[in-house]
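Got the model open in your viewer? Let's walk through it stop by stop, with something to select each time.

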Amino acid sequence: MRITDTADLWWKNAVVYCLDVETYMDWDGDGCGDLAGLAQRIDHLADLGVTCLWLMPFYPTAERDDGYDITDFYGVDPRLGTHGDLVEVIRTANDRGMRVIADLVVNHTSRKHPWFRSAEASKESPFRDFYVWRSDEPPDTSDQVVFPDQEDSIWTLSEQTGEWYLHKFYKEQPDLNVTNPRVRDEVAKIMGFWLQLGLSGFRVDAVPFFLETVGADGGALPEPHDYLRSLRSLVGRRSGSGVLLGEVNLPYEQQLDFFGGTDGDELTMQFDFIGMQALYLSLARGHAGPLTTALVQRPAINPDNQWATFVRNHDELTLDKLTDDERQEVFAAFGPEERMQVYGRGLRRRLPPMLDGDPRRVRMVYSLLFSLPGTPVLFYGEEIGMGEDLSAEGRLAVRTPMQWTSGPNGGFSTADPDRLPGPVVDGGFAPRFVNVADQRRDPDSLLSFVKLLIQRYRESPELGWGAFTLLEQPHPEVLAHLCSWDDGALVAVHNLGAEPRTVPLTLEGCDADHLLVDLLQDGEQPVDGDGGVELTLDGYGYRWLRVVAPDSRRLV
C-alpha cells in the first residue's frame, strides 16, 4: 500500500495536540485566553509538527467543571470570542495542514442549560424526558460517583418538583437521557452543526457514561452500540474523513466493543489508558515489564481503528487499572505527597516535575511515546516541559497558562495576574526557566527535541500503520520493539534504567546486506549474517533505527 492510498485515514499517523483556549493565549488583554490569541499561535503548532488540534470545550458554560458543564451546545463562550473567531482558527489551521477537532460533551448538560431549567420547572415540560428522574428516594450510591471528594450520590433532589435527577458527575451536571430519541437526534444535530463549521471530528467525552441507561427505560435503547455506530456513520457522511476519538477507560476487551469489535465501525480511535498506567508503573520500577505486558495484551483492532497514546492529558492521570500495591508504587515514586494525588486513584502532576526535571528521563519518555504503535497525543506545554501548580484545585493543577516568554505572566497575557484563569507556574518550572521563546532559539532544548521526534515519526509510517513486534533481549530495564509496514521497518530501543546497557538483538529476515541507520542522531550499525546486532544505550538512553535493505527506498 502506498502513502497516497492512506490520506483519508490521516489520523493513523497524526500528531494530536490538546489545548484549552482559556489558558493558551490572551490577545485582547482581559486576562482570559481567546480564539484570536490561538489563531496567532497556530504557526507555533505548525512549526512543532502538529497535524490535529484538539480544542477543549469552548462553549458557553456555568464554570462549575472548567467548561465541561455546558449551557449551549451550539454557542461559543463570549469570553473566548465568536463563531467567526472559531472559523478563523479552523481556517488558519487548515491552511497550515492541521485539522481541528473539539470536545463533544453530551453525557450531561449544565444545570443552567435551558433544557434542564425547563425540565426542572415542571413535570409536563417537553424537556422533562431529556433527563433521568426518579420519584422514590434513591439508595446509597456513594460508590458510583465520579468525584468522590465532591459528591456522595449520583442522585440529587430537585425541590421544584420533588423528584431526584441522575448525575454521574457533579450535581450541577444532570445526565442526559440517551434512551430518548429526541436527545439522540439533538446530539446528531450538534455534531452536524460543528462539522458544517469545519471541524474534522470530535473527542467524545465519557463515552461509557453517555451510553448507559441506568435509571431510564433501557428497553427504549436495547443496543446502545448501534447508536454509537450511527454517530460514526454520521461523521463519515458529513465529513468523509472525520474522526471520533473516544474516552473509554475500561479493560481492553471492553474497549474493543467500543471500536465496534472486528467490524471497527464505532469509535475511530480510543485512548490507551491501560498502556499509560503501565508506562508509569514501568517508570516507577525502572523496569519495562508492565509496559511490555500491556502492549502484548492490546487486542488486535480493525485497520479502520487506532489507539491513541499519551503521557499526560487534561484530567488527572488515573491509575485505577493498577492494583492497590502497584498504585502505591507509582504514588511513592511520583506523588508521595497527598496534594499530588487526586481521589486516591490518580496523579495531578506533569511529567518533568515527577522526574525531578531530569532531561535524560524526560526525553526518553517522549521518545518512547512517539515510537509506540498508535497515534501520539500531546497536552499543551508538554513540548517545552511545563510543570504544574499544586496550589490549584484538583485537575486545574495542570491547566495553567501557557508559558510563551520569560516575561510577566509568561507572555500569556498583559493583564494583571489576579485576572488570569489561574496562576502561572512558579518555582523551578516558572517561565523564566521554561518558555517557548527561549527554547525556539536553542537547538538542544526539549522543544527542538520534540520537533525532531515529530518529524521522524511523520517520516515513519510504520509507527502508525505497521505491525508491532517485541524483540527479545536480556535486560529487564529495556524495551526493544520493531514496527514494520509495507517495505519499511523501524527498530526502537529504550532503557528505563539508570545504568548503561549493551542490547543484543536478532532481526529475522536480516543479514549482512542490511544496515541499521540512526534516526535521532548520526550513526549506523551493521547487521551480521544471522541478523544479529548489538546496540549500546546510555542510562535512560533511546535509539530509533531504520532497517535499510540494499533496495530500500525509505528515507533515512
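Start at the interface of domain 1 and domain 3, where five residue pairs are in polar contact, both partners at pLDDT 80 or more. That cut-off matters here since you're looking at a predicted model. How many salt bridges does the rule find across this interface of domain 1 and domain 3? Zero.

Next, select α13 (359–371) and α15 (446–458): each of these helices supplies at least two residues of the side of domain 1 that touches domain 3. Which element gives that side its largest share? Color α13, which brings eight residues to it. Now color the whole domain 1 side of the contact by residue type, and you should get nine nonpolar, two polar and five charged residues.

To select the domains themselves, you'll need several ranges. The domain assignment gives domain 1 as 8–107 + 181–250 + 308–319 + 346–457, so type in all four pieces. Domain 2 is 114–166, and domain 3 is 466–548. Put a marker at the C-alpha centre of domain 1 and another at that of domain 3, and the two markers sit 33 Å apart. In the contact between them, 16 residues come from domain 1 and 15 residues from domain 3.

Switch to a surface view for the next stop. About 1,300 Å² is buried between domain 1 and domain 3, and carbon and sulfur atoms give 73% of that area. Which residues of domain 1 lose the most area to domain 3? Show Met364, Ser371 and Arg456 as sticks: together these three account for 38% of what the domain 1 side buries.

Now for two backbone spots to zoom in on. Select Tyr343, in the loop between β12 (341–342) and β13 (346–347). Tyr343 isn't a glycine, yet it has a positive phi of about 60°. Then jump to Asn409, in the loop between β14 (375–379) and α14 (436–440). Asn409 is another non-glycine residue with a positive phi of about 60°.

Finally, zoom out to the whole protein. In cartoon view there are 16 helices and 22 strands to find. Along the principal axes, the C-alpha atoms fill a box of roughly 80 × 55 × 50 Å. Is the radius of gyration what a compact globule would have, or something else? For 556 residues such a globule would come out near 24 Å, and the protein has 24 Å, so the two agree.

Key:
Residues numbered from 1 in each chain as written. Predicted model: local features only at pLDDT ≥ 70, side-chain atom pairs only at ≥ 80, totals over all residues. Heavy atoms only, no water. Domains from an automatic or database assignment. Contact = heavy atoms within 4.5 Å. Buried area = accessible area lost by both parts, 1.4 Å probe. Salt bridge = Lys/Arg side-chain N within 4 Å of Asp/Glu carboxyl O. Polar contact = N/O pair within 3.5 Å; in protein donor to acceptor, adjacent residues only side chain to side chain. Helix = DSSP H or I, 4+ residues; strand = E, 2+ residues; numbered from the N terminus. Nonpolar A, V, L, I, M, F, W, Y, C, P; charged D, E, K, R; others polar. Rg over C-alpha atoms; globule rule 2.2 N^0.38 Å.
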